[in-house]
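This report walks through one chain, from its pocket to its cores and a few chosen residues. Keep the sequence and the 3D view open while reading.

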Amino acid sequence: GRRTAFNYVCADWSTLKWMLAALCVGLVLGLQEIVANFGSGPIILLGRPVRVGDLVSIGLTSWTLRRIRIRAITITDFDNFEVIVPNKSFITGTVQNWSLTSQVTRVLIKVGVAYGSDVLQVQKLMLDVATANPQVLSAPAPSAYFVNFGPSALDFELRVFVSSIDQRLVTQHELHVALDAAFQQAGVD
(Lines give C-alpha, C1' and ligand atoms only; values in the text may rest on other atoms or scores of the structure.)
Protein backbone atom coordinates (compact mmCIF):
# COMPACT_ATOMS: atom_id res chain seq x y z
CA GLY A 1 0.00 0.00 0.00
CA ARG A 2 2.79 2.46 0.86
CA ARG A 3 4.75 1.77 -2.29
CA THR A 4 1.66 2.36 -4.42
CA ALA A 5 0.91 5.63 -2.63
CA PHE A 6 4.54 6.75 -3.08
CA ASN A 7 4.47 5.88 -6.79
CA TYR A 8 1.20 7.75 -7.12
CA VAL A 9 2.67 10.87 -5.43
CA CYS A 10 5.91 10.62 -7.44
CA ALA A 11 4.00 10.20 -10.68
CA ASP A 12 1.97 13.26 -9.76
CA TRP A 13 5.17 15.15 -8.89
CA SER A 14 6.66 14.22 -12.27
CA THR A 15 3.56 15.53 -14.04
CA LEU A 16 3.54 18.58 -11.79
CA LYS A 17 7.18 19.34 -12.68
CA TRP A 18 6.32 19.42 -16.40
CA MET A 19 3.31 21.61 -15.74
CA LEU A 20 5.46 24.01 -13.69
CA ALA A 21 8.12 24.06 -16.42
CA ALA A 22 5.48 24.87 -19.05
CA LEU A 23 4.04 27.58 -16.79
CA CYS A 24 7.52 29.10 -16.32
CA VAL A 25 8.12 29.14 -20.09
CA GLY A 26 4.74 30.83 -20.60
CA LEU A 27 5.52 33.41 -17.91
CA VAL A 28 8.94 34.16 -19.41
CA LEU A 29 7.44 34.64 -22.88
CA GLY A 30 4.66 36.83 -21.46
CA LEU A 31 7.08 38.86 -19.37
CA GLN A 32 9.32 39.33 -22.42
CA GLU A 33 6.55 41.37 -24.10
CA ILE A 34 5.83 43.34 -20.93
CA VAL A 35 9.53 44.11 -20.41
CA ALA A 36 9.88 45.10 -24.09
CA ASN A 37 6.94 47.51 -23.76
CA PHE A 38 8.24 48.98 -20.51
CA GLY A 39 11.72 49.26 -22.02
CA SER A 40 10.32 51.05 -25.08
CA GLY A 41 8.47 53.59 -22.91
CA PRO A 42 11.57 55.53 -21.80
CA ILE A 43 12.95 55.43 -25.35
CA ILE A 44 9.76 57.08 -26.61
CA LEU A 45 9.57 59.54 -23.73
CA LEU A 46 13.24 60.55 -23.91
CA GLY A 47 13.94 60.19 -27.64
CA ARG A 48 10.61 61.79 -28.59
CA PRO A 49 10.10 60.14 -31.99
CA VAL A 50 6.41 60.86 -31.36
CA ARG A 51 4.66 63.47 -29.21
CA VAL A 52 1.12 63.99 -27.96
CA GLY A 53 -0.86 65.62 -30.76
CA ASP A 54 1.26 64.17 -33.59
CA LEU A 55 -0.51 62.67 -36.60
CA VAL A 56 0.96 59.25 -37.32
CA SER A 57 0.23 56.56 -39.87
CA ILE A 58 0.49 52.91 -38.99
CA GLY A 59 -0.12 50.80 -42.05
CA LEU A 60 -2.81 52.49 -44.12
CA THR A 61 -4.55 54.23 -41.21
CA SER A 62 -3.78 57.64 -39.72
CA TRP A 63 -4.14 58.38 -36.04
CA THR A 64 -3.59 61.23 -33.58
CA LEU A 65 -1.54 60.52 -30.45
CA ARG A 66 -3.53 61.29 -27.31
CA ARG A 67 -1.47 59.83 -24.44
CA ILE A 68 1.99 58.36 -24.03
CA ARG A 69 2.40 56.10 -21.04
CA ILE A 70 5.27 53.94 -19.84
CA ARG A 71 3.73 50.74 -21.34
CA ALA A 72 1.43 51.88 -24.15
CA ILE A 73 0.33 54.78 -26.34
CA THR A 74 -3.29 55.81 -26.83
CA ILE A 75 -4.14 56.93 -30.35
CA THR A 76 -7.45 58.06 -31.88
CA ASP A 77 -8.64 58.01 -35.46
CA PHE A 78 -10.69 60.67 -37.23
CA ASP A 79 -13.91 59.09 -35.89
CA ASN A 80 -12.57 59.54 -32.32
CA PHE A 81 -12.09 55.78 -31.95
CA GLU A 82 -9.37 55.06 -29.38
CA VAL A 83 -6.80 52.31 -29.69
CA ILE A 84 -4.13 51.39 -27.16
CA VAL A 85 -0.91 50.33 -28.88
CA PRO A 86 2.03 48.76 -27.03
CA ASN A 87 5.12 50.98 -27.01
CA LYS A 88 7.17 48.21 -28.61
CA SER A 89 5.15 48.68 -31.83
CA PHE A 90 6.32 52.29 -32.08
CA ILE A 91 9.97 51.29 -31.61
CA THR A 92 10.15 48.13 -33.74
CA GLY A 93 7.42 48.83 -36.34
CA THR A 94 7.18 51.35 -39.15
CA VAL A 95 5.39 54.50 -38.03
CA GLN A 96 5.06 57.57 -40.24
CA ASN A 97 5.00 60.77 -38.22
CA TRP A 98 3.36 63.51 -40.29
CA SER A 99 4.24 66.26 -37.85
CA LEU A 100 7.52 65.38 -36.13
CA THR A 101 9.53 68.33 -37.37
CA SER A 102 7.02 70.32 -39.42
CA GLN A 103 3.27 70.68 -39.91
CA VAL A 104 3.79 71.55 -43.60
CA THR A 105 2.44 68.77 -45.77
CA ARG A 106 1.81 68.14 -49.44
CA VAL A 107 -1.61 67.69 -51.01
CA LEU A 108 -1.66 65.71 -54.26
CA ILE A 109 -4.61 66.00 -56.63
CA LYS A 110 -4.87 63.72 -59.65
CA VAL A 111 -6.92 64.84 -62.65
CA GLY A 112 -7.69 63.10 -65.92
CA VAL A 113 -8.67 65.19 -68.96
CA ALA A 114 -9.87 64.06 -72.37
CA TYR A 115 -7.41 63.17 -75.11
CA GLY A 116 -7.03 66.15 -77.43
CA SER A 117 -7.11 68.68 -74.57
CA ASP A 118 -4.60 71.52 -74.64
CA VAL A 119 -2.09 70.26 -72.04
CA LEU A 120 -0.49 73.67 -71.52
CA GLN A 121 -3.92 75.21 -70.90
CA VAL A 122 -4.76 72.46 -68.41
CA GLN A 123 -1.45 73.00 -66.60
CA LYS A 124 -2.04 76.77 -66.45
CA LEU A 125 -5.61 76.33 -65.15
CA MET A 126 -4.38 74.00 -62.42
CA LEU A 127 -1.64 76.39 -61.33
CA ASP A 128 -4.01 79.39 -61.40
CA VAL A 129 -6.50 77.54 -59.18
CA ALA A 130 -3.72 76.53 -56.78
CA THR A 131 -2.23 80.00 -56.43
CA ALA A 132 -5.68 81.54 -55.89
CA ASN A 133 -6.34 79.33 -52.85
CA PRO A 134 -5.28 81.11 -49.60
CA GLN A 135 -4.36 77.82 -47.86
CA VAL A 136 -1.80 76.89 -50.54
CA LEU A 137 1.73 77.96 -49.64
CA SER A 138 3.79 79.94 -52.14
CA ALA A 139 6.98 78.21 -50.94
CA PRO A 140 7.32 75.44 -51.82
CA ALA A 141 5.50 76.62 -54.92
CA PRO A 142 2.54 74.68 -56.38
CA SER A 143 3.34 72.51 -59.38
CA ALA A 144 1.24 70.84 -62.06
CA TYR A 145 2.51 68.03 -64.25
CA PHE A 146 1.27 65.99 -67.19
CA VAL A 147 2.32 62.59 -65.82
CA ASN A 148 0.84 59.89 -68.02
CA PHE A 149 -1.08 58.88 -71.12
CA GLY A 150 -3.84 56.93 -69.38
CA PRO A 151 -6.11 54.39 -71.06
CA SER A 152 -8.93 56.93 -71.45
CA ALA A 153 -7.48 60.26 -70.26
CA LEU A 154 -4.39 62.42 -70.07
CA ASP A 155 -3.31 62.19 -66.44
CA PHE A 156 -2.21 65.30 -64.54
CA GLU A 157 -1.07 65.88 -60.96
CA LEU A 158 -1.37 69.08 -58.99
CA ARG A 159 1.02 69.24 -56.04
CA VAL A 160 0.58 71.92 -53.40
CA PHE A 161 1.75 72.42 -49.84
CA VAL A 162 -0.33 73.59 -46.89
CA SER A 163 0.97 74.86 -43.57
CA SER A 164 -1.00 72.48 -41.35
CA ILE A 165 -2.19 68.92 -41.48
CA ASP A 166 -5.60 70.16 -40.34
CA GLN A 167 -5.90 72.10 -43.62
CA ARG A 168 -5.31 69.09 -45.90
CA LEU A 169 -8.88 67.91 -46.37
CA VAL A 170 -10.53 71.33 -46.64
CA THR A 171 -7.86 72.53 -49.09
CA GLN A 172 -8.25 69.38 -51.17
CA HIS A 173 -12.03 69.95 -51.29
CA GLU A 174 -11.65 73.62 -52.23
CA LEU A 175 -9.17 72.76 -54.99
CA HIS A 176 -11.45 70.03 -56.37
CA VAL A 177 -14.40 72.43 -56.53
CA ALA A 178 -12.33 75.23 -58.07
CA LEU A 179 -10.69 72.91 -60.63
CA ASP A 180 -14.06 71.55 -61.71
CA ALA A 181 -15.41 75.09 -62.17
CA ALA A 182 -12.27 76.25 -64.04
CA PHE A 183 -12.34 73.24 -66.37
CA GLN A 184 -16.06 73.71 -67.09
CA GLN A 185 -15.58 77.43 -67.80
CA ALA A 186 -12.64 76.71 -70.12
CA GLY A 187 -14.45 73.84 -71.86
CA VAL A 188 -11.95 71.21 -70.76
CA ASP A 189 -13.49 67.75 -70.48
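Helix α4 gives the largest share of the lining of the largest pocket: three residues. The model is a predicted one. In all, 13 residues line this pocket. Leu55, Phe78, Ile165, Asp166 and Arg168 lie nearest its centre. Two elements give two or more residues to the lining, β2 (61-68) and α4 (168-186). The volume of the pocket is about 360 Å³. What classes of residue make up the lining? Six are polar, five are nonpolar and two are charged.

**Overall fold**

The chain has eight strands and four helices. Their order along the sequence is α-β-β-β-β-α-β-β-α-β-β-α. The chain runs to 189 residues, and 30% of them count as buried. Consider contacts with a separation of 6 or more: 59% of these join residues 24 or more positions apart. The accessible surface of the chain is about 12,200 Å². Carbon and sulfur atoms account for 60% of that surface.

**Nonpolar cores**

In soluble globular proteins, nonpolar side chains tend to be buried together. Here the largest nonpolar core holds 21 residues. Which of them touch the most other members? They are Met126, Leu158, Leu179 and Phe183. Four elements each give two or more residues to this core: β6 (105-113), α3 (119-132), β8 (154-162) and α4. Helix α4 therefore appears in two settings, as it also gives residues to the lining of the largest pocket. A second, separate core has nine residues, among them Val50, Val56, Leu65 and Ile68.

Leu158 shows what a well-connected core member touches. Leaving out residues up to four places away in sequence, its partners include Val107, Leu108 and Ile109. Met126 and Ala130 are also touched by Leu158. So are Ser143 and Ala144. Leu175 and Leu179 complete the list for Leu158.

**Three residues compared**

The table pairs each residue with a partner that is distant in sequence.

| Residue | Partner | Separation in sequence | C-alpha to C-alpha distance |
|---|---|---|---|
| Leu127 | Val160 | 33 residues | 9.4 Å |
| Ala178 | Ala132 | 46 residues | 9.4 Å |
| Leu154 | Val113 | 41 residues | 5.2 Å |

Start with Leu154, in strand β8. Is Leu154 buried or exposed? Its relative accessible area is 4%, so Leu154 is buried, the cut-off being under 20%. Its contacts, leaving aside neighbours within four places in sequence, include the run Val111, Gly112, Val113, Ala114, Tyr115, Gly116 and Ser117. Val119, Phe146, Asn148 and Phe149 are also in contact with Leu154.

Leu127 sits in helix α3. Its relative accessible area is 25%, so Leu127 is partly exposed. Once neighbours within four places in sequence are set aside, Leu127 is in contact with Pro142, Ser143 and Ala144. Ser143 and Ala144 are also touched by Leu158.

Ala178 belongs to helix α4. Why does Ala178 count as partly exposed? Because its relative accessible area is 29%, a value in between the limits of 20% for buried and 50% for exposed.

How values were computed. Residues numbered from 1 in each chain as written. Predicted model: local features only at pLDDT ≥ 70, side-chain atom pairs only at ≥ 80, totals over all residues. Heavy atoms only, no water. 1 Å grid on protein atoms, 1.4 Å probe; cavity = no way out; pocket = protein on both sides within 12 Å on 5 of 7 lines; lining within 4 Å. Points joined across faces, edges and corners; volume = space filled by probe spheres on them. Nonpolar A, V, L, I, M, F, W, Y, C, P; charged D, E, K, R; others polar. Buried < 20%, exposed > 50% of the residue type's maximum accessible area, 1.4 Å probe, protein only. Contact = heavy atoms within 4.5 Å. Areas by Shrake-Rupley, 256 points an atom, 1.4 Å probe, with all protein chains shown as cover. Core = buried A, V, L, I, M, F, W, Y, C linked by side-chain atoms within 4.5 Å.
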